[in-house]
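Open the structure in your viewer and keep the selection tool at hand. Each stop below tells you what to pick and what is there.

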Amino acid sequence: MLRPVPEAAPELVEEWREGGGELVELLSRVRERVGGVAAFRLDPSRALTVLVTDPAAVQHVLARRPERYVKRSHRARLLIGDGVMAATGAAWKRQRRLLQAQFTGAGMRRYEQRITAAARTTAERWRSYARTGEVFDVGQEMHRFALDAIWRSLTGHPLDDGTESELAAVRAVGARLPTLPADAAEARGVVAADLARIDEVARRAIESAQGGTAGPDGPGLVHVLTDAAAEHPAYTDQLIRDELVTLLAAGHETTATTLTWLHLLLDRHPQARKQALAAGAEGSEQRRRAVQALIHETLRLYPSAWLLPRHAAEDDILAGYAVEAGTDVLVCPYLTHRDPELWPDPARFDAGRFISPDGRPTGPGAYYPFGIGPRACLGLQFALRESTVLLEHLLPHRPPAFLSTPARTEYGITVRPEGPAPATLSRR
């Protein structure tokens, strides 16, 4: 007879509940006490939830048996509707197939100049801050850059102040999702004004593409979506809107958060910046690899999606344990990436892990900041490219001097610094 997944003692959950801690604290305790495949109950009347952080088990759930461990309702469905992140079944396969080509190989090269233009715009703005001594928020700057890069790629237009102001609603809704009422209609009512602003921006972009109007950089991803409607009736204006908002939300929030964390980490570890710049001349492959190592180490500590919920659609055997159909499963990159058995001194920021051949575990399931398997993040290459290009423009100049830094970390859909990060730049 197969063994059940080992379960954390109810007292552990009760201690956590009495302390009023974050969910990540409970998951961390469960993993430490029980192991990389562990079960717990949030209360005695609820079914077991299985936490997965062991690399082999992660690989099994996300890559080997994705048809058995499925997504149910996406937490961001209120915002992204039936976009590719929330879609399932045949609809997801069709939508994924269409977008996949846009984020690999030739598709990525199509957006290279747009990413570079967004990075140059940011670098010029930072030079202005250095001249004037103006205080700016590093987190807001990273959001502005990432939004500019994805907006140019979607529409062919650079981000203007009006559109940036309107699209702040995307971030506002995303930030409120974890605290919205469970009732869908009530939740929609709470953020109705922000959703209306998002819908209006999307409507204008879709109508412009349908009219054959391209931006100064040429047609963008919205044009790909509107062209798809000619062959696939499923691509209604509503679905195109949902895909557009999905790409906006996923295409800038995670990148902006990663870049914000990276600047904060470099402020604490200035030698890491110096080592990256010393790795090679400007534009060299050596420097690019060093910059990418900084990004990967940041993503290890603060993965784009810190928690990946799944639902067991049928009975399965996971790491030798029986998992019954209907079980909720939580795959946690955040904890896998901080496992001392996989990553020595895991709390230490060390980009060398991604440069030295033996600096990190190479087995599948040990490092997966964008997920793995068929539902891994579509925009992985886009996110890495825009982060690399921006840092190549900013790192050679004076780093920001922070006036204060966020004291807390917020664990929502993403894991991000809670609060502003005001800074100045010196001319020197």
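**Stop 1: helix 12 and helix 13**

This is a predicted model. Select helix 12 (237–268) and helix 13 (residues 270–278). How do these two helices lie to each other? Their axes cross at roughly 105 degrees. An angle of 65 to 115 degrees counts as roughly perpendicular, and helix 12 and helix 13 are therefore roughly perpendicular to each other. The two axes come within 4 Å.

Now show the side chains where they touch. On helix 12, pick Leu266, Asp267 and Arg268. On helix 13, pick Pro270, Ala272 and Arg273, which they meet. Colour this contact by class: three residues are nonpolar, three are charged and none is polar.

**Stop 2: helix 12 and helix 14**

Keep helix 12 on screen and add helix 14 (285–301). Here the axes come within 9 Å and cross at roughly 100 degrees. Helix 12 and helix 14 are therefore roughly perpendicular to each other.

Which residues make this contact? From helix 12, select Thr258, Trp261, Leu262, Leu265 and Leu266. From helix 14, select Leu294, Ile295, Thr298, Leu299 and Leu301. By class, this contact holds eight nonpolar residues, two polar ones and no charged ones. Leu266 of helix 12 appears in this contact, and Leu266 also belongs to the contact with helix 13.

**Stop 3: the largest cavity**

Stay with helix 12 and look for enclosed space. How many cavities of 30 Å³ or more are there? The count is two.

Go to the largest cavity, with about 40 Å³ of space. Select its lining: Thr254, Thr255, Thr258, Ile295, Leu299, Ser304, Phe370, Ala383, Leu384 and Ser387. Helix 12, helix 14 and helix 16 (380–394) each give two or more residues to this lining. Five lining residues are nonpolar, five are polar and none is charged. Three names return from the last stop: Thr258, Ile295 and Leu299 line this cavity, and Thr258, Ile295 and Leu299 also take part in the contact of helix 12 with helix 14.

**Stop 4: the second largest cavity**

The second largest cavity holds about 30 Å³. Select Thr254, Thr257, Thr258, Tyr302, Pro303, Ser304, Thr414 and Val415, which line it. Which element gives the largest share of this lining? Helix 12 does, with three residues. The classes here are three nonpolar, five polar and no charged.

Thr254, Thr258 and Ser304 are in this lining, and Thr254, Thr258 and Ser304 line the largest cavity too.

**Stop 5: a hairpin**

Val415 is your link to the next stop, for this cavity-lining residue is also the bridge partner of Tyr411. Select strand 11 (residues 408–411) and strand 12 (residues 415–418). They run antiparallel and are joined by four bridges. Three residues lie between the two strands of this hairpin. Now find Arg408: its bridge partner in strand 12 is Glu418.

**Stop 6: the sheet 5-13-10**

Next, select strand 5 (136–137) and strand 10 (401–402), then add strand 13 (residues 422–424). These three strands form an open sheet in the order 5-13-10, with antiparallel pairing. Why is one side of strand 5 and of strand 10 left without a neighbour in the sheet? Both stand at the edges, each with a single partner strand, so one side stays unpaired.

Zoom in on strand 5 and strand 13, which two bridges join. Pick Asp137; its bridge partner in strand 13 is Pro422.

**Stop 7: the sheet 1-8-7**

Select strand 1 (3–4), strand 7 (316–318) and strand 8 (321–323). They make an open sheet in the order 1-8-7, and the pairing is mixed. Strand 1 and strand 7 are the edge strands, each pairing on one side only. Strand 7 and strand 8 pair in the antiparallel sense over three bridges. In strand 8, Val323 is the bridge partner of Asp316.

**Stop 8: two positive phi angles**

Select Ala319 in the loop between strand 7 and strand 8. Ala319 is not a glycine, yet its phi is positive, about 55 degrees.

Finish at Asp345, in the loop between helix 15 (333–336) and helix 16. Asp345 also has a positive phi, near 50 degrees, in a residue other than glycine.

Technical notes:
Residues numbered from 1 in each chain as written. Predicted model: local features only at pLDDT ≥ 70, side-chain atom pairs only at ≥ 80, totals over all residues. Heavy atoms only, no water. 1 Å grid on protein atoms, 1.4 Å probe; cavity = no way out; pocket = protein on both sides within 12 Å on 5 of 7 lines; lining within 4 Å. Points joined across faces, edges and corners; volume = space filled by probe spheres on them. Nonpolar A, V, L, I, M, F, W, Y, C, P; charged D, E, K, R; others polar. Pairing = 2+ DSSP bridges. Axes fitted to C-alpha atoms, helices over the stretch in contact; angles between N-to-C directions. Parallel < 35°, antiparallel > 145°, perpendicular 65-115°, else oblique. Contact = heavy atoms within 4.5 Å.
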